[in-house]
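Subject: Structure handover

Hello,

Here is the structure I promised to pass on to you. Have a look at it first, and then read on for what turned up.

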Amino acid sequence: MHMATTLSINGETKSFDAPPDMPLLWVLRDILGMTGTKFGCGIAQCGACTVHIDGKAVRSCVLPVSAVENRNVTTIEHVGSTPAGAKVQKAWLEAEVIQCGYCQSGQIMAAAALLAATPNPDDSDIDAAMAGNICRCGTYVRIREAIKQAANGRQS
Amino acid sequence: MSGKMRILTSLLVIAIVAVALGVWIIRGPGPLDFAGGTKVALADYRAGKPTGVPAKLEKASLAERGEYLAKAADCMVCHTKPGEKEYSGGLAFKLPFGTLYSTNITPDKDTGIGNYSDQDFLNAVQHGKRRDGARLYPAMPYTSYTFMTDEDVLAVKAYLFSLPAVRAKAPENTLSFPFNQRWAMIVWSAVFNPDTRFAPDTSKSPEWNRGAYLVEALAHCGECHTPRNLGFALDNRKKFAGAITAGWRAFNISSDKATGLGNWSDQDLISYLSLGHAPSHGSASGPMGEAVDHSFSRFAPEDISSIVAYLRSVPPQPSPDLPATTAPVAPASHRDGVTADARGKKVFASACASCHGWSGESPVSPMATLTGTWAVNDPAATNVAQIVISGTKRHTPDGALSMPAFGNAYTDDEIAAVANYVTARFGAKGSKLTAKDVAELRGQTAE
């Protein structure tokens, strides 16, 4: 059953037809063509599909689109226009965090939500917020460094 | 009579009295005895129609009426092995003394019930007697179904016979002695099967009577929610006080205010039964999730209301091991709140926090909120561990929300750690599960 659905994504109102239980990730990638958010595991265990719902980092692969109506969705395409997202992206480039890059939009979304809520995170804050975002290249050391750099606004 | 004979006779009388007293004490009251009103035969009850189908189905075919009743009795869940054809049996019930398999109740003549006459079917459902004369084990809740009218039982039969026959033979049971002695069920049944049809209570409303019929005869709520006695039959002295069934805790559904349903609003109960979720009470998972998906969600709204009216009347039974009040929302930051179990926290951060949040109020959906649920407030953490192992999925009119199964991704040790962390952080009292406990819970689940 398809239903007309309206979502607020990246500050814009988007209307489309989708079954109410279609995961938000599928809507983003397959219906709206926003492929910056990645499909990783499909069961909320790798973090590659992380987006913000009302500013909080959530996994879009298990989130039915019906659950996000009337809530603000932010994706990797737009996070650079938020203060925390901009800082994170800058630090990411400066620290050369990315290796293969597949998990990185999820990493950046998780880091941006962390900094928006906790502007000066210590290691335990970073562990608590980032533990669910997996990177098989092992860029964790640079991710941690970049988050601290984004928080301090300093060059390493 | 000689002196010897007199002594022997006296001993015999004493023995008979002792056995009768023992049986009477163990058996206790019947499921509807708490109500205490005047019972009349169904045919003499004029105030309403507690049996059969809701008004909108009165004119439906026999098989359609049977479908409603079969769903209300939730035959399918136990008589279907996950991934196999519906009603074809083979689901394994793991008991401490062996494994019992449900049977094929499709109309296949060789492996199902295709050869059952109406009387054969009544014998099985109301009396626990198979077509070949062998006795059923009470995993088949015939002590509840015995309250069904013949008409309703035969409607269920008509529905089952309208389904495609599936050839599927259930594996042989592997019960150990003495539980493998089916004939012993003759005695069990004589003592514990009330073997009587539903009799309306004229002191109660028609709605209550309909609810009583649905709850006791069809939905067989007590089979999981009432503790069992020495004879493994329902102990209705503690009616609906809650029990562990198939490795899951069926919580207290008596009218107790603290630990039962006494403080649930009607709307909470309606929502929980028909959608599997009530705000701030949590979501149905495991066997109750299945009961909602395949049974309660198919009930007519007036039948759900009748169930609620009936449940309200069940006398309060306390659950002393549960806290009097559930824990409030946990702090928003991972730093505040409990710090015990560093390993559990690690697992929670990697696998759980993104959907459940650090406060227990889910950023994703109220259905994933942990705060206020009995599962996290149960110091035994039984259902928390089970949900982590097997995951859960809730269907609603707006789509489905699911939690993946972690049973193969984490060790028993890790699952115990995260359950202990979750109950400590979001519940009233942290659990002390060990890897061994988790292994045992895995072993008890029906599959």
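Let me start with a histidine: H225(B) sits in helix α9 of chain B. Please keep in mind throughout that this is a predicted model.

**The annotated binding site**

H225(B) is one of three residues that UniProt, in an unreviewed entry, marks as "binding site"; the others are C221(B) and C224(B). Is H225(B) buried or exposed? The cut-off for buried is 20 or more other C-beta atoms within 10 Å, and H225(B) has 25 of them, so it counts as buried. Once its neighbours within four places in sequence are set aside, H225(B) is in contact with F240(B), G242(B), A243(B), A250(B) and I253(B).

C221(B) lies in the loop that links α8 (206-218) to α9 (222-225) of chain B. This cysteine is buried because it has 23 C-beta neighbours inside 10 Å. Beyond four places in sequence, C221(B) is in contact with V215(B) and I253(B). I253(B) therefore appears among the contacts of H225(B) and also among those of C221(B), going by the contact criterion of C-beta atoms within 7 Å.

**A lysine in the loop after α9**

K238(B) belongs to the loop between α9 and β3 (243-245) of chain B. Which side of the cut-off does K238(B) fall on, buried or exposed? A residue needs 20 or more other C-beta atoms within 10 Å to be called buried; K238(B) has 20, so it is buried. Its contacts outside the four nearest places in sequence are T226(B), P227(B) and Q317(B). If you want a long distance to check your numbering against, take K238(B) and F406(B): they are 168 residues apart along the chain, and their C-alpha atoms are separated by 34 Å.

**Domains and annotated spans of chain B**

Chain B is assigned three domains: domain 1 (48-192), domain 2 (206-312) and domain 3 (342-444). Taken over C-alpha atoms, the centres of domain 1 and domain 3 of chain B are 34 Å apart.

UniProt (unreviewed entry) also gives the annotation "domain: Cytochrome c" for residues 61-164, 206-315 and 339-426 of chain B. Two of these spans come with some figures:

- Residues 61-164 of chain B are 39% helix and 8% strand, with 18 Å between the end C-alpha atoms.
- Residues 206-315 of chain B are 44% helix and 9% strand, with 19 Å between the end C-alpha atoms.

**Nonpolar cores**

The largest nonpolar core has 87 residues, and the members that touch the most others are A385(B), V418(B) and A419(B). Helix α16 (residues 412-426) of chain B contributes the largest share of this core, 9 residues. What does A385(B) touch, leaving out residues up to four places away in sequence? The list is I415(B), A419(B), L433(B), V438(B) and L441(B). There is also a second, separate core of 62 residues, and it includes Y116(B), C221(B), L269(B) and F296(B). That brings C221(B) back into the story, as a residue of the annotated binding site.

**A hairpin in chain B**

Strands β7 (residues 392-396) and β8 (residues 399-403) of chain B run antiparallel and are joined by 5 bridges. They form a hairpin, with 2 residues between the strands. Within this pair, H395(B) stands opposite A400(B) in β8(B).

**Chain A and its contacts**

Chain A is divided into domain 1 (3-74) and domain 2 (79-152). Their centres, taken over C-alpha atoms, are separated by 21 Å. The contact between them takes 15 residues from domain 1 of chain A and 12 residues from domain 2 of chain A. On the domain 1 side, β3 (50-53) and β4 of chain A each supply at least two residues, and β3(A) gives the most, with 3. By class, that side has 5 nonpolar, 8 polar and 2 charged residues.

How many residues of chain A are in contact with chain B? There are 20, and they meet 18 residues of chain B. β4 (56-59) and α4 (123-130) of chain A each supply at least two residues of the chain A side, where β4(A) gives the most, with 4 residues. That side consists of 12 nonpolar, 4 polar and 4 charged residues.

Best wishes

Key: Residues numbered from 1 in each chain as written. Chains lettered and ligands numbered in written order. Predicted model: local features only at pLDDT ≥ 70, side-chain atom pairs only at ≥ 80, totals over all residues. Contact = placed C-beta atoms within 7 Å. Nonpolar A, V, L, I, M, F, W, Y, C, P; charged D, E, K, R; others polar. UniProt positions renumbered as here; feature names shortened; annotations may be inferred. Buried ≥ 20, exposed ≤ 12 C-beta atoms within 10 Å, placed from the backbone. Domains from an automatic or database assignment. Core = buried A, V, L, I, M, F, W, Y, C linked by C-beta atoms within 7 Å. Pairing = 2+ DSSP bridges.
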